[in-house]
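Good morning, and thank you for coming. I would ask you to keep the sequence and the structure in view while I speak.

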Amino acid sequence: MTSPTPISEPTSGSTTSPDSPAAALSPASPASSIPSAVSPVLAEVVRSGFVEGRHRGSLVVLAADGSVDWSLGDVAAPVFPRSTNKPMQAAAVLRAGLDLSGERLALAAASHSGEPFHLDLVRTMLTEHGLTADHLQTPADLPLDPEEAEAYIASGRVRDRLTMNCSGKHTAMLAACALNGWPLATYLDEVHPLQQLVADGVRTASGEDVAHVGTDGCGAPLLSLSLTGLARAFRHFVMAEPGSPERRVADAMRAHPEYVAGTRRPDTWLMQALPGTLSKMGAEAVQALALPDGRALAFKIDDGATRTLGPVLARTLRLMGLDAPVLTRLEDAPLLGGGARVGEVRASF
């Protein structure tokens, strides 16, 4: 297949010499994965026939044998994968000895929508392992799905730790700690035995070291990977031996995609429509996916615009040779004007 060609554009930036007085007076910059060269445009915002915005990013596609088939932008620099790390976190609780399967294991790897069936299962899992919602260290939040959030607020309820989209993952982590007699109060510390298992699993699945450790939105340690490493990790889960922790997680997610995301979420649609596909999005516009034949992809939009995920993912899958009605559903990202459709967000590669 011919690789898409990125749009060539001049790089803009400071021309200050690193040895100049101005540079010496500049505040130190935090470590960043944003490449010095300008990333290619992966999506554009079209309103009333006019391109009013562009979203840049990087994308990698792996061949069935795990080699890089094609890429756009810098796919070797570390990024924070956000919730695309959740399958690796779920595999860690299995390695810790926690016996989860089916919907429970899918929920352990979820960014759930906060629908009633999600919240009911979180409560059930807490009770099963002698825990309560008070053990959760997730920040109080509303349901992730906008429709669920509206209904939740209308019912008079307020933000809650259990409602936060990562509560299934945190419940599984706490249950693994309770099983092993590990401290519950510090289960999110980077040096905690459970988080060390997570880090080992991330390194093994991705085939690379973790360059940066941060704190995710839910409070858990956030381990950086390159986009190539992230795609490699998803491929590793799909191709793992049956019965292994990685394969058990992948199988549970694919069998119960509605627990991984929700009834109105693209990851659910994809895994339902394309049997054997493992798909997971993350905050700040990160997406990873692996097909049952070993092909995989990962991308990140630089500015974190999640409205681009569907169009960019659908375009990438089409370039990989897939054609299914779900891709038309994914790529439909309308822009409204006066309540009517006047444009769209569309892939531009």
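There are 20 salt bridges in this structure, which is a predicted model. I shall discuss several of them in turn.

Please begin with helix α4, which covers residues 116-128. Here D120 and R123 form a salt bridge, and their closest N and O atoms are 3.1 Å apart. How far apart are D120 and R123 in helix α4? They are three residues apart, so about one helical turn separates them. As for their surroundings, D120 has a relative accessibility of 43% and therefore counts as partly exposed. R123 is likewise partly exposed, at 39%. To follow that reasoning, recall that the partly exposed class lies between the buried class, under 20%, and the exposed class, over 50%.

A second pair of this kind is found in helix α7, residues 193-206. R203 forms a salt bridge with D200, with 2.5 Å between the closest N and O atoms. Because R203 and D200 are three residues apart in α7, about one helical turn lies between them. R203 is partly exposed, with a relative accessible area of 30%, and D200, at 38%, is partly exposed as well.

Let us now turn to a bridge between two loops. D141 forms a salt bridge with R159, the closest N and O atoms being 3.2 Å apart. Which parts of the chain does this pair tie together? D141 lies in the loop between α4 and α5, whereas R159 lies in the loop between α5 and α6, so the pair joins parts that are 18 residues apart in sequence. D141 has a relative accessibility of 26% and is therefore partly exposed.

Salt bridges may also be linked to one another. In this model, D145, E147, E148 and R264 are linked in a network of salt bridges.

My last topic is the packing of two helices. Helix α8, residues 227-239, packs against helix α9, residues 245-255, at an angle of about 90 degrees, and their axes are 7 Å apart. The angle means that α8 is roughly perpendicular to α9. Which residues of α8 meet α9? They are H236, F237 and V238, and on the α9 side they meet E246, R247, V249, A250 and R254. Sorted by class, this contact between α8 and α9 has four nonpolar residues, one polar residue and three charged residues.

To close, I suggest that you locate D120 and R123 in α4, and then the residues where α8 meets α9, including F237 and V249. Thank you for your attention.

Definitions and conventions: Residues numbered from 1 in each chain as written. Predicted model: local features only at pLDDT ≥ 70, side-chain atom pairs only at ≥ 80, totals over all residues. Heavy atoms only, no water. Axes fitted to C-alpha atoms, helices over the stretch in contact; angles between N-to-C directions. Helix = DSSP H or I, 4+ residues; strand = E, 2+ residues; numbered from the N terminus. Parallel < 35°, antiparallel > 145°, perpendicular 65-115°, else oblique. Contact = heavy atoms within 4.5 Å. Nonpolar A, V, L, I, M, F, W, Y, C, P; charged D, E, K, R; others polar. Salt bridge = Lys/Arg side-chain N within 4 Å of Asp/Glu carboxyl O. Buried < 20%, exposed > 50% of the residue type's maximum accessible area, 1.4 Å probe, protein only.
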